[in-house]
Amino acid sequence: MTQRGSAVSFSGAVRTYGAVRAVDGVDLEIGHGETVALLGRNGAGKSTTIGLLLGLCEPDAGAVRLFGATPERSVRAGRVGAMLQEARPVPRVTVGELVTFMASRYPAPMPVARALELAGIRDLAGRRVDRLSGGQVQRVRFALALAGDPALLVLDEPTAALDVEARHAFWASMRTYARRGHTVLFSTHYLEEADAYADRIVVIDWGRIVADGTGDELRRRAGGNLVTVDLAGREPKDLAPLPGVRSVEVAGDRARLRTDDSDATVIALAGLGAIRGLEVAPASLDDAFLAITAAGGAAAGRGSVSGPRLPPDGRDRSRTTRTRRTAV
């Protein structure tokens, strides 16, 4: 994929805060019309990556481009809409007034009625923003992100504070928007959302991209299936060499084998003697995420990834006082 054909391009992007290397040489290309999920543990560098993307902070090395231009230029041109976590309700302003004001700031905005409809808040247009519930405010933020009809939509934990029904409605609206050829990047802690709604999943850990692919590709990378069986006197070390096995985890008298070929693993298990309590299941995206980030953390611990790291408490100190916040 060439940069000219990319909506988003990170080239060796680095961002440090003192001794903390929050983003460490990120290379990432997102094509026009793609929907990409950004996953990572707390403190992994997601917030800083999004900050670089939106021009809220600048890379210390490398480059970030949106549609071939700097993030600041693309944002000023109205090509980017963002729904961030940190924002405060505006007092004494109705939902309709706020979305109308936001739309007026863009050169080619989406009709206000359409933004309210997509966000599922048309019936809230006359309500004051500071009197809404947390979930309703979250949907107002979505409407504000849509107001400019941006080519790139950036959503930071968009379904936080939403109930199950509202989450389903939100993703239905997001899909409608994406189908019009828009590019969407969203971060989430709900791995099932990433699996269901993203074309690609990008996993960031220790400031670096450690995986990039579809949900199925990530599951295969981590070991496509899980075979769980009673140890029944077997030694765990005897299970690791079995065909297809990538790793062995033991809890009590049960062993869980992560395997690329569950059929071959089960046949080999039978060759070791009677099989008790056998269970075979596909690895979940949660399993894949844990395996991938565990591998990334082990690599960092061995020093194979250079540079200072996020502190042991896992806190992401990547927020900057220069950050601009949407008033919601």
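Visitor: Which residues of helix 8 (residues 215-222) are buried?

Guide: The structure shown is a predicted model. A residue counts as buried when its relative accessible area is under 20%. In helix 8, the buried residues are Gly215, Leu218, Arg219 and Ala222.

Visitor: Around the axis of helix 8, what arc do these buried residues cover?

Guide: The residues in question are Gly215, Leu218, Arg219 and Ala222. They lie on the same side of helix 8, because the arc they cover around the axis is only 100 degrees.

Visitor: Which helix gives the most residues to the largest nonpolar core?

Guide: The largest nonpolar core has 52 residues, and Val95, Leu155, Ile201 and Val203 touch the most other members. The greatest contribution to this core, 7 residues, comes from helix 5 (residues 134-146).

Visitor: Which residues of helix 8 are in contact with Ile201?

Guide: Neighbours of Ile201 within four places in sequence are left aside here. The contacts of Ile201 include Ala37, Leu39 and Leu285. Among the buried residues of helix 8, those in contact with Ile201 are Gly215 and Leu218.

Visitor: Is Leu278 buried, partly exposed or exposed?

Guide: Leu278 is located in the loop between helix 9 (262-271) and strand 13 (279-282). Together with Ile275 and Val280, Leu278 forms a nonpolar patch on the surface. Since its relative accessibility is 38%, Leu278 counts as partly exposed.

Visitor: What is the phi of Ala161?

Guide: Most residues other than glycine have a negative phi. Ala161, in the loop between strand 6 (152-156) and helix 6 (164-178), is not a glycine, yet its phi is positive, at about 75 degrees.

Definitions and conventions:
Residues numbered from 1 in each chain as written. Predicted model: local features only at pLDDT ≥ 70, side-chain atom pairs only at ≥ 80, totals over all residues. Heavy atoms only, no water. Core = buried A, V, L, I, M, F, W, Y, C linked by side-chain atoms within 4.5 Å. Buried < 20%, exposed > 50% of the residue type's maximum accessible area, 1.4 Å probe, protein only. Helix = DSSP H or I, 4+ residues; strand = E, 2+ residues; numbered from the N terminus. Contact = heavy atoms within 4.5 Å. Arc of directions from axis to C-beta. Patch = residues over 30% accessible without salt bridge, like charges linked within 9 Å, V, L, I, M, F, W, Y side chains within 5 Å. Areas by Shrake-Rupley, 256 points an atom, 1.4 Å probe, with all protein chains shown as cover. Salt bridge = Lys/Arg side-chain N within 4 Å of Asp/Glu carboxyl O.
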